[in-house]
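Welcome, and thanks for taking a look at this one with us. Please keep the sequence and the 3D view open while you read through the briefing below.

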Amino acid sequence: MQESLMASIGRFQTLDTDSGEIVDKYLYIDGNPKQYRFDAKEGKFSIHYDENNIEKLGASLSFQPIAWRIFSDDILGQGYKKWAELFFIDEADCVSCVLFHGYSVANLERLITPLVYNRVKLNEVVLTVNADKKENNKLQPKGVYYIASFTYALADKVQTQELADYVETINLYRRNTQTEVAQTQVAKNVFNPFVDLLAEPEQPVYIGEWAGEEVAA
């Protein structure tokens, strides 16, 4: 019996020896991934569980994307902007999400160009995001702000396949960044409750390809 159970366990699953249940290795609350934030004023990352429970991090963050989208929308009280939303599994095995906007999105798009020409997909690399300091000398006193810059290294192929298998089993999205009016440029493995729940099973929601991503029609 135990051998039969072990044979049915996926790459991203483990056997709970106490209950005998097969459980996912990764933690995810539907529509509510763990929220990482990039502060463009301080040049630091942080984890926000809620407004009263914030864990401060450093000026760099590394992760392997499992899903992403680039879109324009008015969300989070920030006004209408272009955003990049990246999902990943953090070091605590939690499904997580981080948002970037403005020049940081442009930097991400510049990184994707060499990926395309090297036939590498975004979920096949580990991104390292650094906060680059910028100064606006037109202001007095001068303004200081930070932009996210991106570099990458090829990820482990076995881990990449495990993450790809896992993301197919969940509806991955962040509830408070999804709207019915977002203008989506690129989306890969991101569930859209406003579209996917209404789509006919035989009708693809997205068509086209860009660095392995599905592009919104």
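**Strands, a helix and some charged pairs**

Strand S6 (residues 60-63) pairs with strand S10 (residues 125-136) in the antiparallel sense, over 4 bridges. Please bear in mind that this is a predicted model. The points below start with the strands, move on to helix H3 (residues 157-167), and then turn to Arg 174 and to three of the 7 salt bridges that a search of the whole structure finds.

**Strand pairing around S10**

- In the pairing of S6 with S10, Phe 63 stands opposite Leu 127 of S10.
- S10 also pairs with strand S11 (residues 143-154): these two run antiparallel and are joined by 12 bridges.
- A handy place to look in that pairing is Thr 128, which stands opposite Thr 151 in S11.

**The run from S3 to S5**

- Strand S3 (residues 34-39) and strand S4 (residues 44-50) are antiparallel partners, with 5 bridges between them.
- Within this pair, Arg 37 has Ser 46 of S4 standing opposite.
- The hairpin of S3 and S4 has 4 residues between the strands, and Gly 43 there takes a positive phi near 70°.
- S4 is joined by 4 bridges to strand S5 (residues 53-56), and the two run antiparallel.
- The hairpin from S4 to S5 goes through 2 residues.
- Asp 50 has Asn 53 in S5 as its bridge partner.

**Helix H3 and its two sides**

- Which residues of H3 are buried? They are Thr 160, Glu 162, Leu 163, Tyr 166 and Val 167.
- Seen down the helix axis, these buried residues of H3 fall within an arc of 160°, so they line one face of the helix.
- That buried set packs against four strands: S2 (22-24), S7 (65-74), S8 (80-89) and S9 (95-101).
- On the face of H3 turned away from the buried side, you will find the exposed residues Lys 157 and Val 158.
- The N-terminal end of H3 is capped by Asp 156, with a side-chain oxygen 3.1 Å from the backbone nitrogen of Val 158.

**Arg 174, a buried charge**

- Arg 174 sits in the loop between H3 and strand S12 (183-188).
- How far from Arg 174 is the nearest side chain of opposite charge? That side chain belongs to Glu 85 and is 5.1 Å away; Arg 174 is buried yet has no salt bridge.
- A salt bridge needs a side-chain nitrogen of Lys or Arg within 4 Å of a carboxyl oxygen of Asp or Glu, which is why the 5.1 Å to Glu 85 does not count as one.
- Arg 174 does have polar partners: its side chain makes a polar contact of 2.7 Å with the side chain of Asn 176, and another of 3.1 Å with the side chain of Gln 35.
- Leaving aside neighbours within four places in sequence, the residues in contact with Arg 174 include Gly 31, Pro 33, Leu 76, Phe 87, Cys 97 and Leu 99.

**Salt bridges between distant parts of the chain**

- As a general reminder, side chains of opposite charge can pair when their charged atoms come close.
- Lys 25 and Glu 162 form a salt bridge, with their closest N and O atoms 2.8 Å apart.
- This pair links distant parts of the chain, 137 residues apart: Lys 25 is in the loop between S2 and S3, and Glu 162 is in helix H3.
- Lys 25 counts as partly exposed, at 31% relative accessibility, whereas Glu 162 counts as buried, at 9%.
- Arg 175 forms a salt bridge with Asp 30, and here the closest N and O atoms are 3.9 Å apart.
- Arg 175 lies in the loop between H3 and S12 and Asp 30 in the loop between S2 and S3, so this pair ties together parts that are 145 residues apart in sequence.
- Arg 175 is partly exposed, with a relative accessible area of 46%, and Asp 30 counts as partly exposed at 42% relative accessibility.
- Lys 34 forms a salt bridge with Asp 90, the closest N and O atoms being 2.7 Å apart.
- Lys 34 belongs to strand S3 and Asp 90 to the loop between S8 and S9, so to speak of distant parts of the chain is fair: they are 56 residues apart.
- Lys 34 counts as buried at 16% relative accessibility, and Asp 90 counts as buried at 8%.

Conventions: Residues are numbered from 1 along each chain as its sequence is written. This is a predicted model: local features need pLDDT of at least 70, side-chain atom pairs count only at pLDDT 80 or more; totals for chains, interfaces and linings use all residues. Side-chain values use heavy atoms; hydrogens and water are left out. Buried means under 20% relative accessible area, exposed over 50%, partly exposed in between (1.4 Å probe, protein chains only). The arc is that of the directions from the helix axis to the C-beta atoms. Contact means heavy atoms within 4.5 Å. A polar contact is a pair of N or O atoms within 3.5 Å; within protein, one must be able to donate a hydrogen and the other to accept it, and residues adjacent in sequence count only if both atoms are side-chain atoms. Lys and Arg count as positive and Asp and Glu as negative; His and the chain ends are not counted. Two strands pair if DSSP finds at least two bridges between them.
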